[in-house]
Amino acid sequence: MIFTKYSNTLRWVIIIASFAIVSLILWKTYEFFQHFKEEERTKMENWSFAQTDIINSEPNANLDLTLKILSSNKTTPMLVINEDGSLSSYNNINEKKISDSLYLKKLIVKFEQENKPIPVKLDDSIVGTIYYGNSELLNKLKYYPLALLLIVFLFGAVVFFFYRSNKNATQNKLWSGMAKETAHQIGTPLSSLIGWTEILKSENTNPDYIVEIEKDIDRLQTITERFSKIGSVPTLEVADIVKETIDSYDYLKARSSNLIDFDIIIPKGKILVNLNKQLYSWCIENLVKNAIDAMKGRGKLTVEISQLENTIMICVTDTGKGISKKNFNKIFEPGFTTKKRGWGLGLSLTKRIIEDFHDGKIKVSHSEIGKGTTFQITLKRA
């Protein structure tokens, strides 16, 4: 409870602390980069002094230290350009490319942008200029902050998605709890309705009315069972898919518009499938209601069951407005809907029931704008 109470504050503390640490690392990296550049400049200045010593030296002078300084540069690329613009010497640069005058000019411009040139003086006159660039190590160090920022960004993304998935899991538990509580609450008036039905039977009420009321009560019981199964793994049992499809089809047909021409095509005999009856009925109901909405209450709806050697196919076909090809997969995503009203959950729920719980497949097998759509469910035989 205490952790939950202060979780938001703790989250902000962690975010601010992380930002401070990253900023400190970046600043220290920048300081190190600048310090390294200063050391390289000092090295180049020493090189220029050594070059001046060579020029000013007497014929028999001891130049061991001077030559050692000149040969010590193993990493920094550099050019020495005479006052007339000709190349005097170079170091740590590709020998084949340096002969190209255009390449040389570009290299001088590049080095000028990276570091301030150092003049080589003889007495008080400038006899040449040293142009030098960043060493390979310095160039690699230059990209280190970017790599660090990328790592921080990726780490932040992982934390964000973890937090989001954790939040979604919490919300899913909440919705599951609400669904089960709803199922529990529906149970009380449902029991009362069953009792009133028995009273109506004793009052010599028209039996046809009683039959229809009992069908609606059965439907409410089915809906209650559906809600109670949310959040838990449903159990499957061997059932006749032909009978289960007909039961759902007939119930919806009796309570739909007379302007819709219902048709069902089924094979003879039973077809046994591992099935959760309540959830399968929910799938058929969703597909049929979607078809009715697509036809705006007028058209032809066909449910067809066909069988192959090891699989069963259930096709629901309407003569409605159709679905564009680019939306064939999108319509199964949670929240996607083309209706003015609706949550966009029916088809995503149907897909989960068929594919996750029944190890089957559902897809739009055919659709044509203005002519209709066919949804196809594929299940394995028991």
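Contact here means heavy atoms within 4.5 Å. The views below all come from a predicted model.

**View 1. Helix α11 and its packing partners.**
The buried residues of α11 pack against α10, β10 and β11 (372-380). Those buried residues are Leu347, Ser348, Thr350, Ile353 and Ile354. The helix has 12 residues, which at 1.5 Å a residue should span 16 Å. Its end C-alpha atoms are 16 Å apart, so the expected and modelled spans agree. After α11 comes Asp359, with a positive phi near 55°.

**View 2. Two loop residues with positive phi.**
Most residues other than glycine have a negative phi. Asp359 is not a glycine, yet its phi is positive, about 55°. Asp359 sits in the loop between α11 (346-357) and β10 (361-368). Lys296 also has a positive phi, near 55°, and is a residue other than glycine. Its place is the loop between α10 and β8 (299-307). Is Lys296 buried or exposed? Lys296 counts as exposed, because its relative accessibility is 76% and exposed means over 50%.

**View 3. The largest nonpolar core.**
The largest nonpolar core holds 39 residues. Ile241, Leu301, Ile314, Phe375 and Leu379 have the most contacts inside it. Which helix gives the most to this core? Helix α10 (residues 277-294) does, with 9 residues. Apart from this core lies another, of 9 residues. Leu79, Ile81, Ile93 and Leu107 are among the residues of that other core.

**View 4. The surroundings of Ile241.**
Ile241 is one of the residues with the most contacts inside the largest core. Leaving aside residues up to four places away in sequence, Ile241 touches Ile271, Val273, Leu275 and Tyr280, as well as Ile305, Ile312, Ile314 and Leu379. Ile314 and Leu379 are themselves among the residues with the most contacts in this core.

**View 5. Helix α5, buried side and exposed face.**
Helix α5 (residues 101-114) has 14 residues. At 1.5 Å a residue they should span 20 Å, and the end C-alpha atoms are 20 Å apart, so the two values agree. Which residues of α5 are buried? They are Leu104, Leu107, Ile108 and Phe111. These residues cover an arc of only 105° around the axis, which puts them on the same side of α5. The face turned away from that buried side carries the exposed residues Lys105, Lys106 and Gln113.

**View 6. The cover and the cap of α5.**
The cover over the buried residues of α5 includes strands β1 (78-82), β2 (87-91) and β4 (125-132), together with helix α4 (95-98). Asp100 caps the N-terminal end of the helix. A side-chain oxygen of Asp100 lies 3.1 Å from the backbone nitrogen of Leu102.

**View 7. A salt bridge from helix to loop.**
Glu212 and Arg255 meet through their side chains in a salt bridge, 3.0 Å from N to O. Glu212 lies in helix α8 (residues 207-229), and Arg255 in the loop between α9 (241-254) and β6 (260-265), so the pair ties together parts that are 43 residues apart in sequence. Glu212 is partly exposed, with a relative accessible area of 32%. Arg255 is partly exposed too, with a relative accessible area of 32%. A network of salt bridges links Glu212, Asp216 and Arg255.

**View 8. Salt bridges within helices.**
The structure as a whole holds 12 salt bridges. One of them joins Asp247 to Lys243, with the closest N and O atoms 2.9 Å apart. How many residues apart are Asp247 and Lys243 in helix α9? They are 4 residues apart, which means a separation of about one helical turn. Asp247 is partly exposed, with a relative accessible area of 37%. Lys243, at 46% relative accessibility, also counts as partly exposed.

Another salt bridge joins Glu45 and Arg41, and here the closest N and O atoms are 3.6 Å apart. Both residues lie in helix α2 (residues 7-56), 4 residues apart, about one turn of the helix. Glu45 counts as partly exposed at 30% relative accessibility. Arg41 counts as partly exposed at 22%.

Methods. Residues are numbered from 1 along each chain as its sequence is written. This is a predicted model: local features need pLDDT of at least 70, side-chain atom pairs count only at pLDDT 80 or more; totals for chains, interfaces and linings use all residues. Side-chain values use heavy atoms; hydrogens and water are left out. A nonpolar core is a set of buried Ala, Val, Leu, Ile, Met, Phe, Trp, Tyr and Cys residues joined through side-chain atoms within 4.5 Å. Buried means under 20% relative accessible area, exposed over 50%, partly exposed in between (1.4 Å probe, protein chains only). The expected span of a helix is 1.5 Å times one less than its number of residues. The arc is that of the directions from the helix axis to the C-beta atoms. A polar contact is a pair of N or O atoms within 3.5 Å; within protein, one must be able to donate a hydrogen and the other to accept it, and residues adjacent in sequence count only if both atoms are side-chain atoms. A salt bridge is a side-chain nitrogen of Lys or Arg within 4 Å of a carboxyl oxygen of Asp or Glu.
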